[in-house]
Amino acid sequence: MEKNVEKQPENEQSIYSIPDAPGMKKLVNRRTMLASLGMAGAALAAGSLLNVPKAHALSPVSSDDVEYQFSPSDPVRSLTVKLREYASVMDFGAAGDGVTDDTTAIQTAVNSAKYVTVPPGTYRISSQIVLSQSGFSLVSQEGAKFVASAAMNSLIYSQDNSNIVIEGGQFDGNGLSVSNIHFRTYAVSPLNLTVRNTKQRATASDPNLAFGCILFDNDDGKRSPYRHQNIVIEGNLIEECGTHGALAAYCDGVTFHRNVVDGAQNHGFEAVNCTDVLETSNRVSNCGISALGVGDGSRNYIIADNVIANCGGDGSITCEHNSVFGTVCDNTIVDAHGSSGINVSFGTPGSAPFDNLNNISVTNNTISGKNGFSIVGILVYSSVGGTSKGRNMNVVNNKLEHVTVAVDYNYCDSSTISGNTLRSPVGSNSKLINIVACSGVLVSGNRTYDLVNDHAITVNDYATFVSDFCKITDNYVLSAGSSASKAVVYIQGTGMHEVSGNMTQGSANYVKAPNAAFVLASNNFGPLSGTPLDGPNITGSANANSTNDTLILNGKRQSYGAAAPTSGTWSPGEIVWSTAPTAGGHAGWICTTAGSPGTWKTFGAVTP
């Protein structure tokens, strides 16, 4: 029989049957039951599953002897079953004192409950903790720290489990664990895996570059049919990694968002053979090979709004090995000191769409090289020797400074390089754009407001692979070569090209094509030290080699002078380029209000 106690308040409706005497039980409210359970009750309250005020403690009762009922109309369950939904590692004997080996206690906890909390403390781990069930959460409170005390593959390991959340806490590999958190797929495709708001540090050095503080992979890196799906790595602080900060391999639906990575021997984050990848709003610094990237046939990716500092290797951002259908935009890269700021490269023959690089846009990025280093701002390089050329590879509206070549563009067709700006180039062979073995490329509206030491824009063949049908128009070059000794556009090879509407304030030639290239040149202008068109197969008209010539572009006049006009009728957008620009001065004057002579403002600040 049972005897009832007082009627329960509305916020205490869960009812528990507790032994009162042999053969008898009494129903008590949630407050009284929690008090009777001691530590387990406190864990329930701490997890916010129950809103329970502090109560007077009763004598402890085994949870096996307690029946749980959420409300009178709900099923009755053993409280032991209920507690398996939520537990603390302390319930299973974890000490968290930084001395005791807590491996067994924590393993028992994760085997026993679906939701395990980790209170503040330092938990020494001597072998990896294995997650053995789907639908599991490991939630660490502020101040909780897992530390490897022996060599191991990972602190936390999950294989073939879905719906896993690891949140909070610090995971310290202590130079012994090659990964801190490792998810692997072997015989199924796990879904919905999240690592959020953790601190990761000090994984062991990995010469094979196959691990990460946070790692998702499949059976030994093989291309099996099983892939992780919908993984989220968010809000983590990752430091001092022996290889990758985080690595996702063979996954579909990858988000790497709002993480901070400081110090990785390899990539800060890399997605390898992944689809639908987002790498956004991260802050990455001091990485040996690159900050962020995709590789090995990844597709449908966006790398955006990241801030990257002091990273080397192949590029601060790398999109390599046949990765296609991507956007790299609105990133800020400072102190880049690898081969390039952004590296989009290397397609090899294979089945479409992975037979070349295609449909990738690099837009609105800001890139600054590190002092003392000579790097390429943006490298686009599809295949070795042009055997598998890229297409629709667009480089648009990027700002570059302290680099040797703003855009180095190789083996691509039917693409656009436009609106890019180069300031303060470095190196004896500095230039705005270099093109190799490309066809059907539009090069327009690019600007360099400082002297480049080489030809400003170069177009080259490679072996039997010819650059052809490139249109180079409306670009601005302050000066090409010291003492204006180089050309605005230099074409080496045998193709056919159009060069028109380009401007300079001091170069040797508008176009130089010493070999067999056929070039149509028109409406290029600005003062020169040499012949406007230098080559055997260049034809053209209205190429103006005089400070007094006026050119009409898109219905607007552009001319040269020592000052803004004081007479004549002018309209907004018309320009007078300075005949004597100086460091710290301006490139010229632009009309902002129509009139005679109208209102004129300086524009184009020249680096001091």
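In the predicted model, a salt bridge joins the side chains of Asp-172 and Arg-201, with an N to O distance of 3.0 Å. This contact links distant parts of the chain, since Asp-172 belongs to strand E15 (residues 170–172) and Arg-201 to strand E18, at a separation of 29 residues. The two partners fall into separate accessibility classes: Asp-172 is buried, with a relative accessible area of 5%, whereas Arg-201, at 21%, counts as partly exposed. The bridge is also part of a wider arrangement, as Lys-145, Asp-172, Arg-201 and Glu-240 are linked in a network of salt bridges.

Ten salt bridges are present in the structure. Among them is the contact between the side chains of Lys-199 and Glu-142, at 3.9 Å from N to O. Lys-199 is located in strand E18 (residues 199–201) and Glu-142 in the loop between strand E11 (136–140) and strand E12 (144–148); the pair therefore ties together parts that are 57 residues apart in sequence. With a relative accessibility of 37%, Lys-199 is classed as partly exposed, while Glu-142 is exposed, its relative accessible area being 68%.

A further salt bridge is formed by Arg-227 and Asp-252, whose closest N and O atoms are 3.0 Å apart. This pair likewise links distant parts of the chain: Arg-227 lies in the loop between strand E19 (212–218) and strand E20 (228–234), and Asp-252 in strand E23 (residues 251–257), 25 residues apart. Because its relative accessibility is 16%, and buried means under 20%, Arg-227 counts as buried. Asp-252, by contrast, is partly exposed, with a relative accessible area of 23%.

Aromatic contacts were examined next. A search of the whole structure identifies eleven aromatic pairs. One of these is formed by Tyr-381 and Tyr-411 in an edge-to-face arrangement, with 5.3 Å between the centres and 85° between the planes. The pair links distant parts of the chain, with Tyr-381 in strand E37 (residues 376–381) and Tyr-411 in the loop between strand E40 (405–410) and strand E41 (412–418), 30 residues apart. Tyr-381 counts as partly exposed at 26% relative accessibility, whereas Tyr-411 counts as buried at 3%.

Trp-577 and Phe-603 form an aromatic pair that is also edge-to-face, with a centre-to-centre distance of 5.3 Å and an angle of 70° between the planes. Trp-577 is placed in strand E58 (residues 575–578) and Phe-603 in strand E60 (residues 599–605), so that parts 26 residues apart in sequence are tied together by the pair. Both Trp-577 and Phe-603 are buried. These two residues belong, with Tyr-449 and Tyr-476, to one aromatic cluster.

Nonpolar side chains were also found at the surface. Phe-469, Met-496 and Phe-518 form a nonpolar patch there, with a combined accessible area of about 340 Å². Within this patch, Phe-469 is situated in the loop between strand E46 (457–460) and strand E47 (470–473). The relative accessible area of Phe-469 is 53%, and this residue is therefore classed as exposed, the class for values over 50%.

How values were computed
Residues are numbered from 1 along each chain as its sequence is written. This is a predicted model: local features need pLDDT of at least 70, side-chain atom pairs count only at pLDDT 80 or more; totals for chains, interfaces and linings use all residues. Side-chain values use heavy atoms; hydrogens and water are left out. Patches are made of residues with over 30% relative accessible area and no salt bridge: like charges are joined within 9 Å, nonpolar side chains (Val, Leu, Ile, Met, Phe, Trp, Tyr) within 5 Å. Accessible areas come from the Shrake-Rupley method with a 1.4 Å probe; for residues, only the protein chains shown count as cover. A salt bridge is a side-chain nitrogen of Lys or Arg within 4 Å of a carboxyl oxygen of Asp or Glu. Helices (H or I, at least four residues) and strands (E, at least two) are DSSP runs, numbered from the N terminus. Buried means under 20% relative accessible area, exposed over 50%, partly exposed in between (1.4 Å probe, protein chains only). Rings of Phe, Tyr and Trp (its six-membered ring) pair if their centres lie within 6.5 Å; planes under 30 degrees apart count as stacked, over 60 as edge-to-face and the rest as tilted.
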